[in-house]
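Q: Please take a close look at one part of this model for me: the place where the two chains meet. Keep it brisk, and build the picture step by step.

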Amino acid sequence: MSVVEVIFVLLGLIAVGSALLVVTTRNMVHAALWLVVTLGSIAGIYLLLAAEFVAWVQVLIYVGAVVVLLLFALMLTKAPTGPQEGMNVGRVVPAALVALLVAVLLGTTVVAGFAGVHLDLDNAVVGSAETTGRTIFESWVLPFEVLSVLLLSALVGAIVLSRGRDTGAREGR
Amino acid sequence: MPLWWPLLVASLLFAIGVYAVLVRRNAVLVLMGVELMLNAVNINLVAFDAHFRDALHGGQTFALFIIVIAAAEIGLALAIVLMVFRTHGHIDVDRLRSLADRDEVEEPIEVSPVMSR
């Protein structure tokens, strides 16, 4: 195994293991912190797969912003900080069976479908900031602009939702 | 590196996300499962981008777009979660049954102290 393969296996094991901890831990804040480990190792996987810019965006947006938002949500909903019981629904076994079925089906499909295919990373074009910027602003401008409208509408929606109905009542509506 | 390695990691992460969505009672923890599933899809896109040597870098660009959509989704979802917490006093998705399909016996609709004030 080459160095890249060893690093990939390690990062994959870290990602899957910490993701398992995210869904099984009894402490909600620990779940958010294990999510940081998962997302960070996924950023490392992007780096290995020659997607440099995507990796840094992953670090900035997911590890930086999304996890902080999740921690804020836990804080604002008065989530208990210690370990506690009753975080899962009563139907743990059927849910675990469904998840296992998904894992087995998807896993066997991709392994059987791409068994002999070799991923040659030595000559891959690294998706640096320059490459990604060129492709986005030369080939993908229209989806990019549509996405900015989507972000704007999501922003407006979040503001409207979090204002709540108290302010409307106070204004006499 | 065989192509199926990143695809297998993505499949496992997706299944773990499915488990979190099915089994967690706290809405914020359900959202963490959704984030895991979105990341699994992104690994697939980036792996196939590297495999096909796409001149337009469609996989990486689409992964970036999905990250943006996930950011918008998490912002909206947290606004909804906070609103549910204000009106119900909890974010337990098992007990949020106001929109549920009810049986013949009518269950009393929960009125939180926040609403009745």
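**Where the chains meet**

A: Start with the layout of one partner. The domain assignment splits chain A into domain 1 (1-81) and domain 2 (129-165). Taken over C-alpha atoms, the centres of domain 1 and domain 2 of chain A are 23 Å apart.

This is a predicted model, so confidence comes next. The model scores ipTM 0.89 and pTM 0.87. Chain B has a mean pLDDT of 86, and 87% of its residues reach 70 or more. Confidence varies along chain B. Helix 1 (residues 4-23) of chain B has the highest mean pLDDT among the chain's elements, at 94. Helix 4 (residues 113-116) of chain B has the lowest, at 52.

Now the interface. Chain B puts 62 residues into the contact, and chain A puts in 72. On the chain B side, helix 1, helix 2 (27-52) and helix 3 each supply at least two residues. Helix 3 of chain B gives the largest share, 20 residues. By residue type, the side of chain B that touches chain A has 46 nonpolar, nine polar and seven charged residues.

Zoom in on one helix pair. Helix 3 (residues 52-76) of chain A packs against helix 3 (residues 58-88) of chain B. The angle is about 10°, and the axes lie 11 Å apart. Angles under 35 degrees count as roughly parallel. These two helices are therefore roughly parallel to each other. Which residues make the contact? From helix 3 of chain A, they include A:Val54, A:Val57, A:Ile61, A:Leu69 and A:Leu76. From helix 3 of chain B, they include B:Leu64, B:Ile67, B:Ile74, B:Leu78 and B:Leu82. A:Gln58 and B:Gln60 take part too. The residues of this contact divide into 16 nonpolar, two polar and no charged.

Finally, look inside chain B. B:Gly17 lies in helix 1 of chain B. Is B:Gly17 buried or exposed? Count its surroundings: 26 other C-beta atoms lie within 10 Å of B:Gly17. A residue is buried if 20 or more do. B:Gly17 is therefore buried. What does B:Gly17 touch, leaving aside its neighbours within four places in sequence? Its contacts are B:Gly33, B:Val34, B:Leu36, B:Met37 and B:Ala40. Take B:Ala40 as one of them. B:Gly17 and B:Ala40 are 23 residues apart in sequence, and 8.8 Å apart in space, C-alpha to C-alpha.

Definitions and conventions
Residues are numbered from 1 along each chain as its sequence is written. Chains are lettered from A and ligands numbered from 1 in the order in which they are written. This is a predicted model: local features need pLDDT of at least 70, side-chain atom pairs count only at pLDDT 80 or more; totals for chains, interfaces and linings use all residues. Axes are lines fitted to C-alpha atoms, for helices over the stretch in contact, and angles run from 0 to 180 degrees between N-to-C directions. Helices (H or I, at least four residues) and strands (E, at least two) are DSSP runs, numbered from the N terminus. Angles under 35 degrees count as roughly parallel, over 145 as roughly antiparallel, 65 to 115 as roughly perpendicular and the rest as oblique. Two residues are in contact if their C-beta atoms, placed from the backbone, lie within 7 Å. Ala, Val, Leu, Ile, Met, Phe, Trp, Tyr, Cys and Pro count as nonpolar, Asp, Glu, Lys and Arg as charged, and the others, Gly among them, as polar. Domain bounds come from an automatic or database domain assignment. pLDDT is the predictor's confidence in each residue, from 0 to 100. A residue is buried if 20 or more other C-beta atoms lie within 10 Å of its own, exposed if 12 or fewer, and partly exposed in between; C-beta atoms are placed from the backbone.
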